[in-house]
Amino acid sequence: MMKLIHAGLNILAFVFAAVSLVAVFDFHNGADIPNMYSLHSWVGLACVILYSLQIVMGLCVYLLPITPGALRGAFMPIHVYSGLFIFSTVIATALMGITEKLIFGLKNPKYKDSPPEAVLVNVLGLLITAFGGLILWISTRPSWKRPSEQLLSRAGAGSGSPKGSVILSVSPTTDRDNPGANSNTSKRN
Ligand code: HEM
């Protein structure tokens, strides 16, 4: 269930990103502004392309029932690393985007004169950075990990135990891709 929510929310976020890209390209084309000249646009487009690959790979590896369990386990560290990398890059892109907007948008007084709008958006930038740091902290804490769904369903399907039955004890070496899962199971339950 959590896997489906994770996939669904990411697909929704990707749809929003695609719509916003179409809007900005349309705006540039309509106003005769060159496309893809800024670092913001290069890093931003790279993020969206990587995000699309992350979603396709995630769907193929984790939602297709035919994908072997060994492949799912082997791919997990790559999936986690790319997710965090793309997320961090999106934070950097947003910071560059709001800075550009201030430089282009504020004419009189200018950005360098620190009008209230500039201070407000600088504070927004600090909040975006703090949000990024918080999410990276949470997502790298083993104690915040939920018990591995894969492990639970694999054991339920393969060991002859009834589907949905709960595993009370799991060897720490069994779930190498999710080292916090076992301690977590006992802490939460
Ligand atoms: C975080 C996700 C974001 C992504 C992936 C992204 C991506 C892009 C891309 C690819 C372009 C180039 C469009 C073109 O060349 O026609 C662009 C332009 C632009 N974006 Fe963003 N953007 C993001 C967030 C933001 C934010 C939060 C702002 C703040 C208002 C912003 C402001 C701008 C501006 C002013 C331009 C036009 C100037 C330029 O091409 O650099 N962006 N964005």
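This section describes the confidence, helices, ligand shell and one loop residue of a predicted model.

The average pLDDT of the protein is 84, and 78% of the residues score at least 70. Residues 156-189 have a pLDDT below 50, and in the model this stretch has 35 contacts beyond near neighbours in sequence.

In the unreviewed UniProt entry, the annotation "transmembrane region" covers residues 7-27, 39-66, 78-98 and 118-138. Two of these spans were examined for secondary structure and end-to-end distance. Residues 39-66 are 89% helix and 0% strand, with 41 Å between the end C-alpha atoms. For residues 118-138 the helix content is 100% and the strand content 0%, and the end C-alpha atoms are 30 Å apart.

Helix α2 comprises residues 39-63. Its 25 residues, at 1.5 Å a residue, should span 36 Å, and the end C-alpha atoms are 35 Å apart, so the expected span and the model agree. Ser41, Gly44, Cys47 and Tyr51 are buried residues of α2. The packing partners of the buried α2 residues are α1 and α3, which run over residues 2-30 and 69-105, respectively.

The same three helices recur around the ligand: α1, α2 and α3 each contribute at least two residues to the shell. The largest contribution is that of α3, with eight residues. There are 22 residues around the ligand, and those that come nearest are Asn35, Ser38, Ser41, Gly44 and Gly97. Two of these, Ser41 and Gly44, also belong to the buried residues of α2. By residue class, the shell consists of 12 nonpolar, eight polar and two charged residues.

Leu106 lies in the loop between α3 and α4, the latter covering residues 116-139. Leu106 is classed as partly exposed because 17 C-beta neighbours lie inside 10 Å, whereas a buried residue requires 20 or more. When residues up to four places away in sequence are not counted, Leu106 touches Tyr111, Pro115, Glu117 and Ala118. For the pair Leu106 and Ala118, the separation in sequence is 12 residues, and the C-alpha to C-alpha distance is 8.2 Å.

Methods. Residues numbered from 1 in each chain as written. Predicted model: local features only at pLDDT ≥ 70, side-chain atom pairs only at ≥ 80, totals over all residues. UniProt positions renumbered as here; feature names shortened; annotations may be inferred. Helix = DSSP H or I, 4+ residues; strand = E, 2+ residues; numbered from the N terminus. Near = placed C-beta within 6 Å. Nonpolar A, V, L, I, M, F, W, Y, C, P; charged D, E, K, R; others polar. pLDDT = per-residue confidence, 0-100. Contact = placed C-beta atoms within 7 Å. Expected span 1.5 Å × (residues − 1). Buried ≥ 20, exposed ≤ 12 C-beta atoms within 10 Å, placed from the backbone.
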